[in-house]
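Here is a friendly walk through one protein model, meant to be read with the structure open beside you. Take a moment to turn it around before reading on.

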Amino acid sequence: PTIIVLAAAATMVALGIWQLQRAGWKERLLAQYAEAATMPPVDLDPLLERGAPLPNLGFRRALITCRAIDQVPDIHVGRNAADEVGQVYLVPCRPGASGAAGRVLVNAGWSPRPDALPRLTIDGIVAGRLGAMDEDRPVTLTAARAVPPLVPTQPASMANIPNNHLAYAFQWFAFAVTALIIYFVALRRRGAPKLPPEP
């Protein structure tokens, strides 16, 4: 039992240290996003033509040439610029493209209804703001000008990125301390003298 408890406590401490490292990484990432939000727009076309993976341009203003003709939109719950809840319409910027170009989605706009636009065409340059970027997930560009009759969608916000790694770290450390205290109490009770049985 002692080995098991000590191993469990050590694992919890290791998880707490890992969460502290994650907290530092997340702080650096958010600082990078905050800096990117103030930078000039980036033209994605030359980057996509190289065929290399896109750098992390999260929350950067960007331009891209799209060829999305008569696409069925992917509809999700979202908010407009007035912070009203409704539906946002996503389409691939370049349907069928390979590599990074095939990962770019355009948030074409917002509507209070999910049936406002059954099909959607974007043919030309789209300007907007990128959301958070992950190399294994689609890259979403929220268009500054919506496709009529849609209205502009609320751009991605860094406030929606969870940053609770410090809380998780303290929880793991607290679990480790609690496990050791409980085991120590159990050992003391086991070693305490027992009263003789009543006659």
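Tyr 33 and Phe 59 are both buried in this predicted model. Their rings form a tilted aromatic pair, with 4.8 Å from centre to centre and 55° between the planes. The pair ties together distant parts of the chain: Tyr 33 belongs to helix α1 (residues 2–37), while Phe 59 sits in the loop between α2 and β2, 26 residues apart.

How many aromatic pairs does a search of the whole structure find? There are 2. Besides the pair of Tyr 33 and Phe 59, there is one made by Trp 172 and Phe 175, which counts as edge-to-face because the planes stand at 90°, with the ring centres 5.7 Å apart. These two residues both lie in helix α3, 3 residues apart, or about one turn of the helix. Trp 172 is partly exposed at 29% relative accessible area, and Phe 175 is partly exposed too, at 43%.

Helix α3 spans residues 165–191 and also holds Val 177. Val 177 is partly exposed, its relative accessible area being 47%. Together with Ile 181, Phe 184 and Val 185, Val 177 makes up a nonpolar patch on the surface, and the accessible area of the four adds up to about 360 Å².

Now for the interior. The largest nonpolar core contains 31 residues, and Leu 44, Ile 64, Leu 120 and Ile 122 have the most contacts inside it. The elements that each give two or more residues to this core are α2 (44–50), β2 (61–71), β4 (85–92), β5 (104–111), β6 (120–130) and β7 (139–143). Another core, of 5 residues, lies apart from it; among its members are Leu 29, Leu 30, Tyr 33 and Ile 161. Tyr 33 is thus a name to remember, as it appears both in this core and in the tilted pair.

Which residues does Ile 122 touch, leaving aside its neighbours within four places in sequence? They are Cys 66, Arg 67, Ala 68, Val 91, Val 106, Ala 108 and Val 147.

Three other positions are worth a visit, and the table sets out how covered each one is.

| Residue | Relative accessibility | Class |
|---|---|---|
| Thr 142 | 8% | buried |
| Ala 52 | 38% | partly exposed |
| Pro 118 | 63% | exposed |

Thr 142 lies in strand β7. At 8% relative accessibility, Thr 142 falls under the 20% limit and therefore counts as buried. Setting aside neighbours within four places in sequence, Thr 142 is in contact with Asn 107, Ala 127, Gly 128, Arg 129, Thr 153, Gln 154, Pro 155 and Ala 156.

Ala 52 is placed in the loop between α2 and β2, the loop that also carries Phe 59. Beyond its neighbours within four places in sequence, Ala 52 contacts Leu 47 and Ala 100. Its C-alpha atom is separated by 18 Å from that of Leu 63, 11 residues apart along the chain.

Pro 118 is found in the loop between β5 and β6. Not counting residues up to four places away in sequence, Pro 118 touches Gln 71, Val 72 and Pro 73. What separates the C-alpha atoms of Pro 118 and Ala 186? The separation is 65 Å, and the two residues are 68 residues apart along the chain.

How values were computed: Residues numbered from 1 in each chain as written. Predicted model: local features only at pLDDT ≥ 70, side-chain atom pairs only at ≥ 80, totals over all residues. Heavy atoms only, no water. Core = buried A, V, L, I, M, F, W, Y, C linked by side-chain atoms within 4.5 Å. Buried < 20%, exposed > 50% of the residue type's maximum accessible area, 1.4 Å probe, protein only. Helix = DSSP H or I, 4+ residues; strand = E, 2+ residues; numbered from the N terminus. Contact = heavy atoms within 4.5 Å. Patch = residues over 30% accessible without salt bridge, like charges linked within 9 Å, V, L, I, M, F, W, Y side chains within 5 Å. Areas by Shrake-Rupley, 256 points an atom, 1.4 Å probe, with all protein chains shown as cover. Salt bridge = Lys/Arg side-chain N within 4 Å of Asp/Glu carboxyl O. Phe/Tyr/Trp six-rings, centres within 6.5 Å; stacked < 30°, edge-to-face > 60°.
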